[in-house]
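Please examine the sequence and the three-dimensional structure shown below. The paragraphs after them are intended for a reader who has not met this structure before.

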Amino acid sequence: MNSSLPTVAPYAEPLKVIHFVTGGFTGSTKVAIELIRAAKQNPALSSMLVLRKKSSTDMARVQQLQQDGIALKLVAGWSHAATIIELIRICKEYQPDILVTHGFSEHLWGRYAGLLARVPHLIHVEHNSRERYTPLRLLQARWLAQHTDNIIGCSEGVRQRLVELQFPSEKISAINNGIDLTPYTATHLLPLNERIAGIVMPARFAKQKDHETLIRAIALLREKNIFPSVFFAGTGSKRHIARAKNLVDELQLNAQIHFAGHCGNLPFVLMRHQICVLSTRYEGMPLALAEGMASGCAVIGSAVTGVKEMIRHGKDGLLVKPQCAHAMADALEIMLGNSSYAQALATHGRERALAEFSLARMAQAYEQVFFALQHSSRVIHSEQLVLEN
């Protein structure tokens, strides 16, 4: 990203941006929310969050965001047409300069609405390395790409995937996800040997995530007389939660494995446990691992796109074969049995998180994109005035 571009627009009127994303409070929702929080610190930006309502949308969290001063609207999610119609109405009322559409399939319906509402600039942000593109939806996405100013992957691996999908390469860039580091730097970190000898997996329950492999790994550790506690922090699909709980019952692990649901004090929890695990089938750039690393945990992740970019195996964490309980159990045994090695990995992981995975770094990169679009619009407008005169 060109660091010479302004991060504050030199114009009287603030740049108006809408972020449109799922109301499921996934990682993409969290990124959109954090970008809006960061924008509140920049008087040259005015931002609004629009959530596509789902059956799982937590209205208490919606109300909390509104109480925190975030301009927020909900649109219907029961049909694509209803989503588009309601978003068109919001765009016409708010008159944004830029509509940022986050994630699949929201980036399809969001951009249709943006085109119909004549929003000047459209941005598509891809948050995963493997989305459910049917041939028809891929055709739609490629057509919409012709009318999109920027296509942003949340990691280099996602950027490469977008190129493979034959979106216009000249429009594609990568901006790494980032987190607010304040909760992890404002308090003293305990060394690992003073923490709970347990595991936190901060992830929603969904087909993408792989809680089952971690559960089975804990059963394998029990055979070696190793009994770590496990803390599942996250909500999600009732069906996937039930499946995980049934497996815990079947393997008789209820005394070790705890289902915490939404965890509003996640930094506190992470900073008091030794290990953060992300067992997953595919990712974009998972915020959970960034949070685990920033908290000073020793981290373990499945070796999939997105995760492999964040963890340098043997230096700041461990990578394990995806969907392999034996590989996960072996990595956990190493971390739990070799405290000095785990501490070294945790220290390097935290250093990397502070240097590379900050919200400030992510927000600045997005703002550079926004202001570059505003600048190009001003140039084009000036050239038109010259030609008219």
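The account turns to the sheets, then to a pair of helices, and lastly to individual residues.

The model is predicted: local features need pLDDT of at least 70 and side-chain atom pairs count only at pLDDT 80 or more, while totals for chains, interfaces and linings use all residues. Residues are numbered from 1 along each chain as its sequence is written, and side-chain values use heavy atoms, with hydrogens and water left out.

Helices and strands are taken from DSSP runs (H or I of at least four residues for helices, E of at least two for strands) and numbered from the N terminus. Strands of a sheet pair through backbone hydrogen bonds, either parallel or antiparallel. Here two strands are said to pair if DSSP finds at least two bridges between them.

One open sheet consists of seven strands in the order β3-β2-β1-β4-β5-β6-β7, and their pairing is parallel. Its edges are β3 (72-75) and β7 (172-174); each has a single partner strand, so one side of each is left without a neighbour in the sheet. Direction ignored, neighbouring strands of this sheet are turned by 25 degrees against each other on average. Within the sheet, β1 (residues 15-22) and β2 (residues 45-52) run parallel and are joined by eight bridges. V21 has L51 of β2 as its bridge partner.

Helices lie on this sheet. For the angles that follow, axes are lines fitted to C-alpha atoms (for helices over the stretch in contact), and angles run from 0 to 180 degrees between N-to-C directions. Contact means heavy atoms within 4.5 Å. Helix α2 (residues 59-67) packs on the sheet and touches β2 and β3, its direction making about 150 degrees with that of β3. Helix α6 (residues 156-164) lies across β5 (121-126), β6 (150-153) and β7, and runs at about 165 degrees to β7.

Another open sheet has six strands in the order β10-β9-β8-β11-β12-β13, again with parallel pairing. Its edge strands, β10 (257-261) and β13 (318-320), each pair on one side only. From one strand to the next, the twist averages 25 degrees. Strand β12 (residues 298-302) runs parallel to β13 and is joined to β13 by three bridges; I300 has L318 of β13 as its bridge partner. Helix α11 (residues 287-294) lies across β8 (196-202), β11 (273-278) and β12, and runs at about 160 degrees to β12.

The helix pair α3 (residues 80-94) and α4 (residues 106-116) packs at an angle of about 45 degrees, with axes 8 Å apart. The two helices are therefore oblique to each other; angles under 35 degrees count as roughly parallel, over 145 as roughly antiparallel, 65 to 115 as roughly perpendicular and the rest as oblique. The contact is made by H80, T83, I84, L87 and I88 of α3 and by W109, G110, Y112, A113 and L116 of α4. By class, this contact has seven nonpolar, three polar and no charged residues. In this scheme Ala, Val, Leu, Ile, Met, Phe, Trp, Tyr, Cys and Pro count as nonpolar, Asp, Glu, Lys and Arg as charged, and the others, Gly among them, as polar.

How much of α4 is covered? Eight of its eleven residues are buried, where buried means under 20% relative accessible area, exposed over 50%, and partly exposed in between (1.4 Å probe, protein chains only). The cover of these buried residues includes β1, β2, α3, β4 (98-102), β5 and α5. One residue of helix α5 (residues 135-145) is Q140, which is buried, with a relative accessible area of 17%. Q140 touches L108, W109 and Y112, not counting residues up to four places away in sequence.

Some backbone features remain. Most residues other than glycine have a negative phi, and most peptide bonds are trans. F104 and S105, however, are joined by a cis peptide bond with omega of about 5 degrees, and S105 lies in the loop between β4 and α4. Q166, although not a glycine, has a positive phi of about 70 degrees; Q166 is found in the loop between α6 and β7 and is exposed, with a relative accessible area of 58%. Q252 likewise has a positive phi, of about 55 degrees, and lies in the loop between α9 (238-250) and β10.
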